[in-house]
Amino acid sequence: MAATITDRVFFKDRKFEFTLNPGPFNVKEHVLVTIFANSGAGNVYAIHLVSVVKVFYKKRMSFLVALLVVFTTQVLGFGWAGVFRRYLVEPAAMWWPQNLVQVSLFRALHEKEERAKGRLTRNQFFLIAFVCSFAYYVLPGYLFPALTSLSWLCWVFPNSILAHQLGSGLRGLGIGAIGFDWSSISAYLGSPLASPWFATVNIAAGFALITYVISPIAYWLNLFKAKNFPIFSDDLFTSTGQSYNISAIIDSNFHIDMEAYEREGPLYLSIFFAMSYGVGFACLTATVVHVILFHGRDILHLSKSAFQEKKMDVHTKLMRKYKQVPEWWFTCILVVNIAATIFICQYYNDQLQLPWWGVLLACGLAIFFTLPVGVITATTNQTPALNMITEYIIGYIYPGFPVANMCFKVYGYISMKQGIIFLQDFKLGHYMKIAPRAMFFAQVGGTIIAALAHIGTAWWLMDTVSDICDRELLPSGSPWTCPGDHVFYDASVIWGLIGPRRIFGDLGYYSAINWFFLAGAIAPVLVWLAAKAFPNKPWIKLITMPVLFGATVNMPPATAVNYTSWVLIAFASGFVAYRYYRGWWSRHNYVLSGALDAGLAFMGVLLYLCLGMEDVSLSWWGGDSDRCPLASCPTNQGIVIKGCPVF
């Protein structure tokens, strides 16, 4: 391209001088393009709000309001990123493991390397792995979807509810289930090849504790009437195990109808769904206590500007040569965006329901949690979720308004999450020595374009795909079941429409779940005391309770097979390859991760454009993932569910 595009200089010797051909494409330009893409590559959380209102509640929301909500939630994180750069980017201890994948990939693609006899260069290895990933994904992505979850216990015992509950990778506990689909393996926990080994152990321990100890014991003891419902489900139920009719308890003003609610009765959850909320509560308190105990002294030093006097790492020293982004840039974006958000929520209150003080409270929660969550993410590659505490607080203060609850969640959660993404990209630029101002403009541009692209695409899909998100009407194997939106909808009902007081409070059936808050606060203290008592055992400090408790916060919509397959690959990479094949791991591990992601992305887009848009599908036994139909059946006496045996 550099050889063919004109090298003419436009507006030469003027302030706006530029050329279309600055020279060969180099690694820094590549990094900047990646940062631009990263700003919009992740999930735009506010889209869930739009889809829930339009598709699930079937209420009106104008495109302008949807666009403004998406845009303001995306941009709000810039302010938090600017405030916490000193704490989460500059210190060498904040190493952001996921960035190592991209750094290795950039080096493989741009550094010239002599090929040793009988070996591959990293560039050649990447290309081979990329082609293999690209070609392979046609199997789980189209021809053989059953590869997503191979649940052999269900095949061996096809008529046993217990075997299906234990063995189903998609609707049960996933014992023995395994998947060979990289898109599902890396969907919720990120790439297993990028996970530090200590974080993998924490995740595996947390997953095993909740999935194979707490939930089964609670189910078979019939706590919270657990046997009336599936052992694993994100649906909402009546006391008799039937699906809860949410539309029946909503009045014409999009508010809870208390008389109708009394007629329908209280709402119930599957035992795993209830326990996932419990460990989510524990994760929140554990995150704050863990960061105070294990990182509080460092944060205090940085707050006192002691960082300038301490020895800086080599990356920070080199980055000091660049012109820095002024703090007031971030401050202006933050203040203007908060003011715009308050105006939008007030002016369009009939559609958004959130009062002005709710916006300020959401921003306060986001700025409070960004630092502790950022520390956990920067050191373990796992991000504890903030959405649960935002739902809980606004649900108690302002119950009965589901859209207000969702708005509060996206402003309190996505702004923090987006800030974490920006900070991670800042660290990538830190490693690759990209000018901070160039990074800033790339992130701003990427975020604006992403907001427009996401809302435009989502709006188009909601208008064109028949029965989108309706599991009962969609054909088996449809890609439009919207698992994330279902969980978002359920949460809006639990926390917003009905309110936490009637579920987890003094009026609710699940009030005992609140004890998880205390358990989460105590657990890091025990680890800290053990580390002090046994200073010669450094592995104790690697027990990270926020990661352990937060292992299953994505379940549901994540399923057991997402975790079992992830843990196996992370073990093979972080323990086996790292310990016994260190040379191979150093050269190829992160490159392999990038190649698998790239091949999957290209084939996924190709399959959708060529087959998905034309609704071309296959119907055969390999198209049915899991094959565990009895996993969703209740086991209590007298509960009648279609397709399930009655006890």
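Let me start with Arg 501, which is partly exposed at a relative accessible area of 41%, where buried stands for under 20% relative accessible area, exposed for over 50% and partly exposed for what lies in between, with a 1.4 Å probe and protein chains only. Before going further, I should say that this is a predicted model, in which local features need pLDDT of at least 70 and side-chain atom pairs count only at pLDDT 80 or more, while totals for chains, interfaces and linings use all residues. Residues are numbered from 1 along each chain as its sequence is written, and side-chain values use heavy atoms, with hydrogens and water left out.

Arg 501 has a partner, since its side chain meets that of Asp 506 in a salt bridge at 2.8 Å, N to O, and a salt bridge here is a side-chain nitrogen of Lys or Arg within 4 Å of a carboxyl oxygen of Asp or Glu. Asp 506 itself is exposed, with a relative accessible area of 58%. How many salt bridges does this rule give? The count comes to 6, and I will take two others in turn.

One of them joins Lys 409 to Glu 391, whose closest N and O atoms are 2.5 Å apart. The pair links distant parts of the chain, with Lys 409 in helix 19 and Glu 391 in helix 18 (residues 387-397), 18 residues apart; helices here are DSSP runs of H or I with at least four residues, strands are runs of E with at least two, and both are numbered from the N terminus. Are these two residues buried or exposed? Lys 409 counts as buried at 2% relative accessibility, and Glu 391 counts as buried at 1%.

The other is between Asp 234 and Arg 471, whose side chains meet at 3.1 Å, N to O. This pair, too, links distant parts of the chain, 237 residues apart, with Asp 234 in the loop between helix 11 and helix 12 and Arg 471 in the loop between helix 20 (436-464) and helix 21 (483-498). Asp 234 is buried, at 8% relative accessible area, whereas Arg 471 is partly exposed, at 34%. With Asp 235, these two residues are linked in a network of salt bridges.

Helix 19 (residues 402-432) holds a contrasting case in Asp 425, which is buried yet has no salt bridge, the nearest side chain of opposite charge being Lys 427, 13 Å away. For charge, Lys and Arg count as positive and Asp and Glu as negative, while His and the chain ends are not counted. If we set aside residues up to four places away in sequence, Asp 425 touches Ile 35, Asn 38, Ser 39, Met 439 and Gln 443, contact meaning heavy atoms within 4.5 Å.

Let me move on to the backbone, and return to the loop between helix 11 (197-220) and helix 12 (258-264), where we find Asn 222. Asn 222 has a positive phi of about 60° although it is not a glycine, and it counts as partly exposed at 29% relative accessibility. Lys 225 sits in the loop between helix 11 and helix 12 as well, and its phi, near 55°, is again positive in a residue other than glycine. Elsewhere, a cis peptide bond with an omega of about 15° joins Pro 556 and Pro 557, and Pro 557 is placed in the loop between helix 23 (545-549) and helix 24.

That brings us to helix 24 (residues 560-580), whose axis comes within 5 Å of the axis of helix 25 (residues 582-612), the two crossing at roughly 120°. Axes are lines fitted to C-alpha atoms, for helices over the stretch in contact, and angles run from 0 to 180 degrees between N-to-C directions. Helix 24 is therefore oblique to helix 25, because angles under 35 degrees count as roughly parallel, over 145 as roughly antiparallel, 65 to 115 as roughly perpendicular and the rest as oblique. Which residues make the contact? Helix 24 brings Ser 573, Ala 577, Tyr 578 and Tyr 580, and helix 25 brings Arg 582, Trp 585 and Asn 589.

Finally, Ser 565 lies in helix 24 and is buried, with a relative accessible area of 3%. Not counting residues up to four places away in sequence, Ser 565 touches Ile 178, Gly 179 and Ile 185.
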